[in-house]
Amino acid sequence: MSRPIVITNVSLYGEETADLVIADGAITSLSAADAPADAVTVDGSGLVALPGLVDLHTHLREPGREDSETIETGSRAAAKGGFTAVHAMANTTPVADTAGVVEQVYSRGKEIGLVDVYPVGAVTVGLAGEHLSEMGAMADSRARVRVFSDDGKPVADPVLMRRALEYAKTFGGVVVQHAQEPRLTEGAQMHEGIVSAELGLAGWPAVAEESIIARDVLLAGHVGGRYHVQHVSTEGSVDIIRWAKSRGIDVTAEATPHHLLLTDENARGYDPRFKVNPPLRPQRDVDAVRAGLEDGTLDIVATDHAPHPTEDKDCEWAAAAFGMIGLETAVGVLQKVMVDTGRLTWRDVARVLSETPARIGRVDEEHGRPLAVGEPANVTLIDPADAWTVERDGFASRSSNSPYIGMELPGRAVATFLRGTPTYYSARFQEVAQ
Amino acid sequence: MKHLLGTDGMSREDAVLLLDTAAQMAATQEREVRKLPTLRGKTVVNLFFEDSTRTRISFEAAAKRLSADVINFSAKGSSVSKGESLKDTALTLQAMGADAVVIRHSASGAAYQLAHSGWLRGSVLNAGDGTHQHPTQALLDAFTARRRLVDDPEGKGLDGLTLAIVGDVLHSRVVRSNVSLWTTLGAKVVLVAPPTLLPVGVSTWPVEVVHRLDHAIDRFDLDAVMMLRVQRERMTGGGDAFFPSPEEYTRLYGLDRSRMDRLPSHAIVMHPGPMNRGLEIAAEAADSDRSVIVEQVANGVAVRMAALYLLLAGEEAA
Amino acid sequence: MSGTIMSAADIHRALTRIAHEVIERNEGADDIVLLGIPTRGEPLATRLGERIASVEPGFDAAASVGAIDITMYRDDLHRQPTRPIGSTKVPDRGIDDRIVVLVDDVLHTGRTIRAALDAIKDLGRPRAVQLAALVDRGHRELPIRADFVGKNLPTSRRERVDVHLSEIDGEDAVMVTERGDK
Ligand SMILES: [Zn+2]
């Protein structure tokens, strides 16, 4: 067990100032006066303490593509970004569609111990969109899978989606959809609109996302399953989800940092770091995603951290892989777009980056807990005044396919504690190393 | 000019300079000795990831008439098909001391990337990238039209002229390049295509859009009509088809004798080639006095000489 | 040495004298083709053609004067910003077996003339090539000399010689300035 730690004068949720006393993996007091004699004390002035962040959408790539990320490097990147839990997407090789694979990922995460790795199970065998995978076996495995997704691919068949929504109810699972109508997006390279017309890149129309979400929320309303929409990127999608919620349909949705900040204009230099699926959209859609996150239509922020090796991005746009890394920049981007603009408070950030994702993923016994005495000490310290420039060589991730390289972000996580153990700390917190 | 990547963003001044220079180059090509010593010692690489014998030969002739050394590099296995990557090819060409790389590639943006990646120091000439740009084709089209339609053309643009471009706008790099260039030079451009063959976003282009060729002929005083090549597979792909049938295409968009006769008497007929006779253009239109299709090919060499001269002759390229 | 070195009258007299010298040297003007080197060699060639025609009425100036652009033959292209290409106009009768008189405003290093000789070679095979220059300022870098000179003007390398002609500059004058003077 780690030595007790006291963080003094830290702002809880960006609100009242307190001391956090962490011992035996839990928060034991909010007053330094109660600290054990052997405690390490660090000054938390100016920092914001949040419950450890939870990512509902991470690609760790292991097993299969260890050249882009491993559970170890991905865990390190997550801890550095302030995360204490990540949901590892199922599109690995082999696909996480059996109890064996999800248990392997789960145990490897435990072994590394930097974040809690919760494997996501595939909805269909091999992500092929044909047969339901054995969700029950994955749910009952040691990995206790509650989140199911074919991410990277949509569950395109409406009957299959209906069955998944119904069947997942058996064990409280949520079906998580990468909403993309496949026929409308064959060969698609970027958002279909003014910029794609000029650049001569095949378009990915907004309707390809919206039509799937519309269909799915109606199905979820019909059969009563728990449905979650990944990486909402268009104004129409936000409208449909708002409508579905108003009808009482059990739907939740996520926004990614990149869809909150970047637009399709970023594609103009043909730099594949900006190639992502769903694609970056025009400003009007970005504004709608921001508004959706602000008014709660979009429940959470998830990174869609998608590492790719250099050679998969150092090439022609059409040949490049979709996706960008995001664990280490999520806090900074969210602060820049939503907090510094007054649209979300740090209390809201705790909700969208910790509490609600933990609840959707059914890991809320451990994560997304209040910063209160007796709770597990999963804590992220954020320095909102630590402006930094994103550098290609600065990532803990094995990959560096970040669209933010060269950009200045206003703040970042400076220390992360998982059950009281520091899993990441910046130079300022050297003392916590023990 | 360091690179020639597209006509979008090209200034009128540069466009006119290219056309004027092409005119001087064309004049030298009427002499007995057509070879000029201008680019002696320079190396031009034709880097073709996509087959296009016509374009490659045209660039090769242009470079050789200016005494440059020409290396033809046909890189069939592009990184799209998991062969050698564009980056490695570029590094190889850099090591070989290429002063200019003429690149043809199926991926939109490949020329832009080659020019801006830092993989290569030389000039990059875009000889067609995906469905993005094909600037020398647009320049030779504009050059051909200026010669035919503008009196005493030196120093002049295409002011007051109206060009109709008919066909598959969606998949055409030739259209994108021509729209920018002709509008920069003061002409009006009318795009004629069914909505299935127009990109979403065309409404922001500085053009008029008409869905039927007959309407275009009725509504505009056309000085030039450019017929685009139509890919048959775009009409026969079942659910993927953009058009019901080749026959219907010809009925609605084909340039035949009767439509040609309704054009103003001075109007010219253009085609970037290769033609599908009987599909988008009838033989009597292709072979008529109005047709400048053969001139377009000849002018292609002069325009490419001009581009190579302007990119490579000055001190920036040294 | 600075200021106006040749006035309009000086230029007029020099051209008249060169016209006579060309006729005398070639025993008439029958086979003469005058090719001006752009920019200012062109109007000089035209003027010279008119002078010759006034002395030799059989000389058809319009059919015997042209221009030869040497840009694409220069050996210093890579040392300077890209130059626009001027036009080459060869009289209809061509230059084969005729006597080409190259006309330029200032003869200096000789490199321009070297380029012009290369350009002529690609246009045909004249019987002889001769050179007329309004001003010879010296500092040759190649074994080239003028056959007809308006004025020999010893200069230092730091000086610049500007020829103004009314067709282009609105006045006739030859001026010498110290570099950095203006
Ligand atoms: Zn996805």
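These are my notebook entries on chains A, B and C of a predicted model.

**Entry 1: chain B by itself**

I began with chain B and looked up its secondary structure: eleven helices and nine strands. Next I checked how far chain B spreads. Its C-alpha atoms fill a box of roughly 55 × 50 × 35 Å along the principal axes. I also compared its radius of gyration with the globule rule: a compact globule of 318 residues would come out near 20 Å, and chain B has 19 Å, so the two agree. As for burial, 60% of the 318 residues of chain B count as buried. I then turned to sequence separation. Among contacts in chain B with a separation of 6 or more, 75% are between residues 24 or more positions apart.

**Entry 2: where chain A meets chain B**

Here I looked up the contacts and found 20 residues of chain A touching 23 residues of chain B. The two chains bury about 1,600 Å² between them, with 52% of it on carbon and sulfur atoms. On the chain A side, Ala197(A), Tyr270(A) and Glu316(A) lose the most area to chain B, together 36% of what that side buries.

Which side chains form the salt bridge between chain A and chain B? I found Lys87(B) paired with Asp314(A), at 2.8 Å from N to O. The count for this interface is one salt bridge. Polar contacts come to eight residue pairs. By class, the chain A side that touches chain B has ten nonpolar, three polar and seven charged residues.

**Entry 3: where chain C meets chain B**

My next stop was the other partner of chain B. I found 17 residues of chain C in contact with 18 residues of chain B. The area buried here is about 1,500 Å², and carbon and sulfur atoms give 60% of it. Met72(C), Thr82(C) and Ile85(C) lose the most area on the chain C side, together 39% of what that side buries.

How many salt bridges did I find between chain C and chain B? The count is zero. I did find three residue pairs in polar contact across this interface. The chain C side that touches chain B has seven nonpolar, seven polar and three charged residues.

**Entry 4: salt bridges inside the chains**

Over all chains, the structure holds 62 salt bridges. I picked one from each chain to follow up.

In chain A, I looked at Arg419(A) and Asp116(A), whose side chains meet at 2.7 Å, N to O. Arg419(A) sits in the loop between β19 (412-418) and β20 (421-425) and Asp116(A) in strand β8 (residues 116-119), so this pair ties together parts 303 residues apart in sequence. Arg419(A) is partly exposed at 28% relative accessibility, whereas Asp116(A) is buried at 5%.

In chain B, I chose Glu50(B) and Arg173(B), with their closest N and O atoms 3.1 Å apart. Glu50(B) lies in the loop between β1 (43-48) and α2 (53-65) and Arg173(B) in helix α6 (residues 173-184), so the bridge links parts 123 residues apart in sequence. Is Arg173(B) buried or exposed? Arg173(B) counts as buried because its relative accessibility is 13%, under the 20% cut-off. Glu50(B), at 23%, is partly exposed.

In chain C, I noted Asp10(C) and Arg13(C), which meet at 2.7 Å, N to O. Both lie in helix α1 (residues 8-25), three residues apart, about one turn of the helix. Asp10(C) is partly exposed at 26%, and Arg13(C) is exposed at 53%. Also in chain C, salt bridges with shared partners join Asp75(C), Arg111(C), Arg114(C), Asp118(C), Glu141(C) and Arg157(C) into one network.

Notes
Residues are numbered from 1 along each chain as its sequence is written. Chains are lettered from A and ligands numbered from 1 in the order in which they are written. This is a predicted model: local features need pLDDT of at least 70, side-chain atom pairs count only at pLDDT 80 or more; totals for chains, interfaces and linings use all residues. Side-chain values use heavy atoms; hydrogens and water are left out. Contact means heavy atoms within 4.5 Å. Buried area is the accessible area (1.4 Å probe) that two parts lose on being put together, summed over both. A salt bridge is a side-chain nitrogen of Lys or Arg within 4 Å of a carboxyl oxygen of Asp or Glu. A polar contact is a pair of N or O atoms within 3.5 Å; within protein, one must be able to donate a hydrogen and the other to accept it, and residues adjacent in sequence count only if both atoms are side-chain atoms. Ala, Val, Leu, Ile, Met, Phe, Trp, Tyr, Cys and Pro count as nonpolar, Asp, Glu, Lys and Arg as charged, and the others, Gly among them, as polar. Helices (H or I, at least four residues) and strands (E, at least two) are DSSP runs, numbered from the N terminus. The radius of gyration is taken over C-alpha atoms; the globule rule is 2.2 Å times the number of residues to the power 0.38. Buried means under 20% relative accessible area, exposed over 50%, partly exposed in between (1.4 Å probe, protein chains only).
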